[in-house]
Structures are given as structure tokens and as C-alpha cells.
Amino acid sequence: MTTTLRTPQSPQSPRPTQSSRASRTSHSSPSPAAPLGSPWPASARPGPNGDLLIGGVGLAEAADRFGTPLYVLDEQEFRDRARAFRRALPTAEVCYAAKAFLCSAVVDWAAEEGLGLDVCSAGELRLAAAAGFPPERVLLHGNAKTPEELRLARRLRVGRIVVDGAAEIPRLAALAGPDAPQRVLVRVLPGVAAGHHRAVRTGVDGQKFGFRIDGGDAADAVARILGQPGLRLTGLHCHLGSQITEAGPYLAAVDRLVGLLAEIRDRHGVELPELDLGGGHGVRYLAGDAELDPDRFAAEVTTRLAARCAEHGLAVPRLLLEPGRAIAAPAGVALYRVLSVKRGTDGRAFAAVDGGMSDNPRPALYGSAYQVRTVGRPADGPTATFDVVGRHCEAGDVLVHGAALPADLRPGDLLAVPAAGAYQLSMASGYNLVGRPPVAAVREGRLRLLVRRETVEDFRAREVGR
């Protein structure tokens with residue numbers, strides 16, 4: 001008998017069946033009520049009896065069907081955000097950053113919306129291949145690619161590989177030949193600090209990624225690659241950080257990278273045709289947060305790029321971008337059940353839920369802030385301040401600090417957290433052997449399970465002896 005990791009308030013989640021994947025809820029269309037606004041998906045509407053509708057589906061019903069914790073993805077929100085980037089930059093190649101969140105359905109959505117796919121492991125690459133994603137639209141990067149990953153990438157004939165360290169150059173050269181050269185980009189450090197936390201500021205010297213422009217490391221890597229007949233250098237790559245909410249850092253990176261392109265032209269007589277500015281585009285987690293607008297970003301970056309290329313007498317290279325969070329995060333909502341409510345002698349109140357840092361480590365890692373609201377009960381009464389805490393054996397397992405929730409919050413209440421579609425499940429763990437939550441998708445009143453809940457049997461299946 002299969003036993004699912006759950007709590008008394010979290011009914012056992014059914015395994016995906018043909019009917020559960022393609023069923024329709026009683027909500028055939030979104031409520032006419034006014035939308036909640038960002039950071040909730042654009043389809044979010046208040047429903048009857050305090051419910052919340054996403055994509056025309058009641059979240060209370062989704063939680064009843066699949067249990068909690070549960071992640072709900074608004075498919076249309078994902079697609080609309082992908083289209084916004086492609087519309088803002090119609091001549092650029094937009095690659096979805098798989099590390100934000102990936103499953104076979106997301107691979108399909110990215111392919112159907114004309115996106116490339118940015119992967120950084122054999123697992124992401126194999127999943128994409130198994131889902132039928134066109135390999136020529138795949139870009140592989142990472143600071144420590146294994147020889148096996150490079151061989152897999154060559155066997156699948158991925159479109160581009162980002163060279164991140166000197167050891168990768170001879171390894172790739174040994175796998176490729178002049179009859180079938182591998183297209184590569186060189187990841188460089190433009191010396192631009194950007195991002196919401198020091199742990200994700202990846203565009204500056206002194207960390208593990210890429211080649212420094214200052215000191216000549218990047219120039220040396222370029223020269224070595226150009227000397228390999230099996231490698232075809234197509235451009236430069238950088239990634240500045242995460243949750244960047246203004247175009248300024250990207251403009252500074254353009255200045256440095258175009259300068260390096262000119263040096264390569266002058267030294268080697270080669271004009272590289274591509275420039276990859278990475279991702280890191282910021283989204284709203286709280287209603288008052290700033291968010292990077294694709295249209296404004298596109299206008300400022302393309303204007304600066306054209307101007308700097310004109311100054312150096314260069315043809316304007318084709319842009320590549322790697323948005324992940326900016327597409328996936330606003331499409332996701334996490335659902336939890338309250339297990340207990342405690343009020344301490346110091347006046348603090350805690351609402352403990354059936355998930356926590358095992359499905360969302362971001363608050364513990366980066367101090368990330370989130371909104372939260374109740375679902376399935378009226379919220380028009382008096383409120384009190386709660387810390388929404390997880391179930392794990394860590395004092396730092398706090399999902400939301402200082403949340404305004406109903407003063408009579410009680411066990412069994414359902415809580416929803418928006419902007420949950422990126423860097424939560426993709427970074428999830430099996431801490432305390434708590435299984436990772438299921439993922440369901442909603443669109444036009446249709447609810448279907450994409451990924452089932454992880455069970456005790458899944459953990460035990462990895463054991464080979466005792």
C-alpha cells in the first residue's frame with residue numbers, strides 16, 4: 001500500500017490519472033469580480049465564500065482534490081509572460097531558464113511559445129529531450145559541467161554551450177570536429193554588481209562563474225577557443241544576478257561587453273554575432289515591489305547596444321536573454337493548511353503550516369518576503385499579526401514574517417502564497433523526509449495534475465541495502 005507523507009489536515013493526494021489530468025472544475029470561466037493585481041496572476045479573482053479563483057479554478061477545490069501543500073501554476077500567465085518578452089524583443093532569442101522550475105508541461109509551454117531553453121544540468125537536459133524539445137534551441141551552461149554532461153550535450157546536438165572555465169575548452173574540443181563544430185559562448189564577468197542578495201550577484205569578480213574581463217582572462221579564453229577548429233565562437237555571455245528591477249545594470253554590462261567585442265575584432269579580425277545578457281529580471285513578491293518591465297528593458301538595452309556598437313564600428317549582435325523567474329514566478333501560487341496556532345507570552349503569534357523550507361527555502365536562504373492570504377473563508381473581520389512558520393526542525397523555517405491574517409485563524413484554514421512559481425520547488429529538498437508537493441495547472445476553468453506528491457515509497461526506492 002502506498003503511504004503519502006501528509007498531515008491530518010492534508011488528505012492523501014491522488015496519483016495522476018487520465019481523468020484527473022483532464023478534468024474540469026465547476027468554475028467554467030473566471031469570476032467577474034475585480035482582479036487582485038500583482039503579485040497574484042492576472043487571472044486571480046475573489047470567489048464565493050472567501051475562495052480565490054486562479055484561471056477560473058477555485059483554490060479551495062484544488063486543495064481538497066490534491067491535498068496540501070500544493071503548487072498551482074496558471075498556464076496562461078506563464079504563456080502571457082513568455083509572449084511579453086518575445087513581443088518586446090522580436091529579433092532576440094528568448095530562452096526560458098529551466099532552473100526556475102521545470103517539468104514536462106513547462107517544456108511544452110516554452111516550446112509552443114517559441115522560447116529557447118537554458119539548462120544547466122544533465123537532468124534538465126534529459127527531461128527537455130524526453131519531452132521532445134528541439135535540441136537546436138537548447139543552451140547549456142554551468143560553472144562545473146561534468147564530462148558526461150558535455151558528451152550528452154554533443155550527442156543530443158544542443159544549439160549552444162556556454163564555456164565557463166578553461167578546462168571545458170579542451171574537453172569540448174575533443175568531442176567536436178571541424179565537420180560538426182560546436183557553437184559556444186564565453187561567459188565573462190563584466191564587473192557589474194546587481195541582485196537582491198549577495199549570494200546571487202554573479203556578474204562581479206571574486207566568485208565561481210566565468211572569465212574576468214579585467215586581467216585578461218576572458219581575452220585568453222576567446223583566443224584559445226578561436227584556435228580550436230571544432231569550436232565555433234558565436235558570442236559573449238554574462239549573467240549579473242537575480243531579481244534585478246531596473247535596466248541600469250544591464251546597460252553597464254552592455255558597455256563592458258561591447259568594448260570586449262571590439263577588442264576581439266581588433267585582435268582576431270572576428271566580429272561575434274551574438275550577445276547573451278542572461279536573466280535575473282525582477283518580479284513583484286509584495287504589492288509595492290518594483291518589477292522589471294520587458295518593454296522598457298528592451299527599449300533601453302537595444303538603444304544602448306546600438307549606440308555602443310556604432311561608436312566602435314561594430315555590427316549590432318543578436319541579443320539572447322534567459323528569463324526564468326520573470327516568466328514562472330508570477331504564474332505560481334502555493335497552498336498550505338494551518339496545523340496549529342500559537343500565541344507566545346511576548347505577544348507574537350505563529351501559524352504553523354504543513355509545508356515550509358523543504359518546499360520553499362528562499363526565506364531561509366535570502367530573507368525573501370512574501371504575501372499570504374486565507375482562502376475559503378471570509379476575510380472581512382478583525383486581523384492580527386502572525387508569523388507563518390513551517391513544520392521543520394529549524395527556528396529559521398519561517399515562510400512569511402508579520403502577516404496580517406484573521407484574528408481567529410485556526411487549524412484547517414487554507415493559506416495561499418503568490419509568486420511561488422520559481423526557485424521554490426526547483427530548490428526543494430527532502431528535509432525530515434517530507435515529500436515534495438504536487439504541482440497542478442489551471443487554465444480556463446480546467447484543473448489538471450502535472451506532478452504527483454512525493455511519497456515515502458519514493459524515498460525508500462532509492463535504498464539498495466541495509
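Reader: In which helix does cysteine 309 lie?
Author: This is a predicted model. Take the run of residues 294–312. Cysteine 309 falls in that run, which is helix 10.

Reader: Is cysteine 309 buried or exposed?
Author: Buried means under 20% relative accessible area. Cysteine 309 has 0% relative accessibility, so the residue counts as buried.

Reader: Which residues is cysteine 309 in contact with, leaving aside its neighbours within four places in sequence?
Author: One partner is 51 residues away along the chain: valine 258. Its C-alpha atom and that of cysteine 309 are separated by 6.6 Å. The full set in contact is Val258, Leu314, Ala315, Val316 and Pro317.

Reader: What do the buried residues of helix 4 pack against?
Author: Helix 4 spans residues 104–112. Its buried residues are Ala105, Val106, Val107, Trp109 and Ala110. They pack against helix 3, helix 5, strand 4, strand 5, strand 20 and strand 21.

Reader: What phi does glycine 114 take?
Author: Glycine 114 comes just after helix 4. Its phi is positive, at about 80°.

Reader: How much space lies in the second largest cavity?
Author: The whole structure was searched for cavities of 30 Å³ or more, and three turned up. The second largest holds about 60 Å³.

Reader: How many nonpolar, polar and charged residues are in the lining of the second largest cavity?
Author: The lining consists of Tyr71, Leu73, Phe101, Ala420, Gly421, Ala422, Tyr423, Gln424, Leu425 and Val439. Tyr counts as nonpolar and Gly as polar. By class, that gives eight nonpolar, two polar and no charged residues.

Notes: Residues numbered from 1 in each chain as written. Predicted model: local features only at pLDDT ≥ 70, side-chain atom pairs only at ≥ 80, totals over all residues. Heavy atoms only, no water. Helix = DSSP H or I, 4+ residues; strand = E, 2+ residues; numbered from the N terminus. Buried < 20%, exposed > 50% of the residue type's maximum accessible area, 1.4 Å probe, protein only. Contact = heavy atoms within 4.5 Å. 1 Å grid on protein atoms, 1.4 Å probe; cavity = no way out; pocket = protein on both sides within 12 Å on 5 of 7 lines; lining within 4 Å. Points joined across faces, edges and corners; volume = space filled by probe spheres on them.
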